[in-house]
Amino acid sequence: MTVCEHADVQTWRSPCRTCKKQWPYPRNVSYRLVAPMPEHIGPRTPRTVVAHQSAVAKGEPDFSLPVMEQISFTSPYGMYKKALVHEFEYHREQGTVFFDIRKQGGSNIAYARLITLNSWYISLFSAMLFVCLGAMDIQSNLALGFEMMIDENKNYAQFYMSKYLFGLCWFGLVLLNIACAYREALWEWTIKSSALVGDLITECNSIDTVVCFFALVMFKFFFLEMHVKDIVILLHPWKAVQPYAAFKCENARGYLVGFPSEYVFRMENRAGQHLGLPIQMITKATVLAFKLWLAYWSEHRRWALVFSSMTTACSTFWLFVKLYFVLKDRKVCRDELTTMAETGDERQRGMANKLLAQYFRLKFDRDGNPLHENRQSWLARQITGCVECGRGNDDDADMGHEETETVIVPVTSSPSRTDVQAAETALGEDASLRAQAAPDKPSSDGGGHRLLPEVPTEPPEVPMEPLDMQDLRKGSQSSSGSDAADISDEPSNSPSFSSATAVTLGGGGGDAVQSAPSEAAGQDDSGQQPCGAPIPGFIQETTRLADEGARDFG
């Protein structure tokens, strides 16, 4: 018995904790996008293919065709030659790609991250290294504290009061860091478990929920960046306004994720660190001062304490530099988002207001003055229905009566420029006549690809055997005109194409197949049909019987 056939299938599924509505099971699939792989392009192709790409409201892709053509995995800019590309800027309208960021300006310049397996390995290793160093620092401080507390050899007898004072201060600062991480993790959990984002599953049991939340707290405590811990959200194709593209180029898979600017990305990538970094700095400075105090007044493990103080000093300086850039990025990002909320289009204003409320707790009144806003009230205003599941009171409880909207992307071949020119020549019409023939259809698919006008395809060509009887050939020529016209009006499931083959310009998902007429299907100057023209079925049968009769008679 399968799960769907179980009588009590709803007993093991928890309802929404807020509205108490049960999720339907088996659920209804409202939308499904099916994009099969083209037959003429294999999975190991060295060509550049775009598997998925987001588009704006008008249907134009966020990353235009010139952007996809100019993408490179290495760049001449950087500390070393052929440096791995992690980020770049591009022109929204012209599609020009700039690998030397921060040297361009203007409202049409956008920022994007290039995520590859190389960049992900580097980011993951950097995150693991930082977490390991932080854990080693905590472990060394704990070891030093226990050694001073036990003190079997009376090496720290002169620091009777200072060692307890240090232990209390250090432990209190660590708890303060954990409290700050808990606060930021709780807010992130609230956002990502609500209907506004909805990526965290809340119907798990208590053990799985506690383990997941504890992991999020530790991520915040060790300052794990967003593009590492939220890689599932970052690379998922279902996005509202964020530019996105998944592609394969030069045998390597990659993703493009767009942001308004590099400052917005760094602000989101280090969200909450502006609160935790100062506390971490105070903790490091306290440990550094106490280690120097011990090394100066005690001869026991003096050089070990000096070396440990040097590593702590470097860590403190690095935290200071990191805090400086975090605060700088937040200031520049706030100014950019404020300008975008005032002068941007509707899409940009919505995104700017969301980021300002989520990360800066700001909203604007009717006069454009910034006001402080509580994050919980802002979250409640963003969702019309239930805050957790997003369903309203009038929604159908089971949501199981909708029809599934399935969109199947047609797999079409992408011809060369020579084939395209041959097809346009075979049409025998100029661009103006083709535009008048189909005024309602666009001449471009929005990505720089032209579309040929739609021409009815020819019916299947049937090879004709040479006839031995001249009078039968004449009879077929006289009757094929009206019969062939009747058959050409019938739909054909397997149309064939002549030398001017059917082409699809571009690789767009919804491009229709455009075909070019064949001169072989018409008549020559003498009024007779050439070999290869379509023949009605009854004439073929008559021809075959006549040939058999002639052979038997002969």
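Here are some notes on this predicted model, offered as numbered points to read alongside the structure.

1. Let me start with the overall picture. The protein chain has 554 residues, and 34% of them count as buried. Its secondary structure consists of 15 helices and twelve strands. If you look at contacts between residues at least 6 apart in sequence, 66% of these join residues at least 24 apart.

2. The largest nonpolar core is a good place to begin browsing. It has 17 residues, and those touching the most other members are Phe63, Val67, Phe88, Tyr90, Leu114, Phe247 and Leu256. Two or more residues of this core come from each of α1 (65–70), β5 (87–91), β7 (109–116) and β8 (244–249). A second core lies apart from the largest one and has 14 residues, including Val264, Ala271, Met340 and Leu355. As background, nonpolar side chains in soluble globular proteins tend to be buried together.

3. Val67 deserves a closer look within that largest core. Once neighbours within four places in sequence are set aside, Val67 is in contact with Phe88, Tyr90, Gly95 and Val97. Two of these partners, Phe88 and Tyr90, are listed with Val67 among the residues that touch the most other core members.

4. Next, the pairing of α3 with α8. Helix α3 covers residues 160–192 and helix α8 covers residues 273–297; their axes come within 9 Å and cross at roughly 165°. The two helices are therefore roughly antiparallel to each other. The crossing of α3 past α8 is left-handed. On the α3 side, the contact is made by Ser162, Lys163, Phe166, Cys169, Trp170, Leu173, Leu176, Asn177, Cys180, Arg183 and Glu184. From α8 come Leu275, Gly276, Ile279, Gln280, Ile282, Thr283, Thr286, Val287, Phe290 and Trp293. By class, the residues of this contact divide into twelve nonpolar, six polar and three charged.

5. Helix α3 also packs against α2, so a word on that pair is in order, with α3 passed by α2 in a left-handed crossing. The axis of α2 (residues 117–150) comes within 10 Å of the axis of α3, and the two cross at roughly 150°. That angle makes α2 roughly antiparallel to α3. Here α2 contributes Ile138, Asn141, Leu142, Met148 and Met149, while α3 contributes Lys163, Tyr164, Phe166 and Trp170. Seven nonpolar residues, one polar and one charged make up this contact. Lys163, Phe166 and Trp170 of α3 take part here, and these three residues also appear in the contact with α8.

6. Staying with α2, have a look at Ile122, which is found in this helix. Ile122 counts as partly exposed, at 43% relative accessibility. Residues up to four places away in sequence aside, Ile122 touches Leu84 and His86.

7. Ser194 sits in the loop between α3 and α4 (206–221). Is Ser194 buried or exposed? Its relative accessibility is 3%, so Ser194 counts as buried. Not counting residues up to four places away in sequence, Ser194 touches Leu379, Ile383, Val387 and Glu388.

8. Gln358 belongs to helix α10. With a relative accessibility of 13%, Gln358 counts as buried. Leaving aside neighbours within four places in sequence, the contacts of Gln358 are Trp187, Ile191, Arg375 and Trp378. Of these, Trp187 and Ile191 fall within residues 160–192, the span of α3.

9. Finally, two backbone spots you may want to inspect. Most residues other than glycine have a negative phi. Glu250 is not a glycine, yet it has a positive phi of about 55°. Glu250 lies in the loop between β8 and β9 (252–259), and with a relative accessible area of 55% it is exposed. Arg361, again not a glycine, has a positive phi of about 55°. Arg361 is placed in the loop between α10 (346–359) and β10 (362–364). How exposed is Arg361? Its relative accessible area is 26%, so Arg361 is partly exposed.

Note on methods
Residues numbered from 1 in each chain as written. Predicted model: local features only at pLDDT ≥ 70, side-chain atom pairs only at ≥ 80, totals over all residues. Heavy atoms only, no water. Core = buried A, V, L, I, M, F, W, Y, C linked by side-chain atoms within 4.5 Å. Buried < 20%, exposed > 50% of the residue type's maximum accessible area, 1.4 Å probe, protein only. Helix = DSSP H or I, 4+ residues; strand = E, 2+ residues; numbered from the N terminus. Contact = heavy atoms within 4.5 Å. Axes fitted to C-alpha atoms, helices over the stretch in contact; angles between N-to-C directions. Parallel < 35°, antiparallel > 145°, perpendicular 65-115°, else oblique. Left-handed = near helix turned anticlockwise from the far one by under 90°. Nonpolar A, V, L, I, M, F, W, Y, C, P; charged D, E, K, R; others polar.
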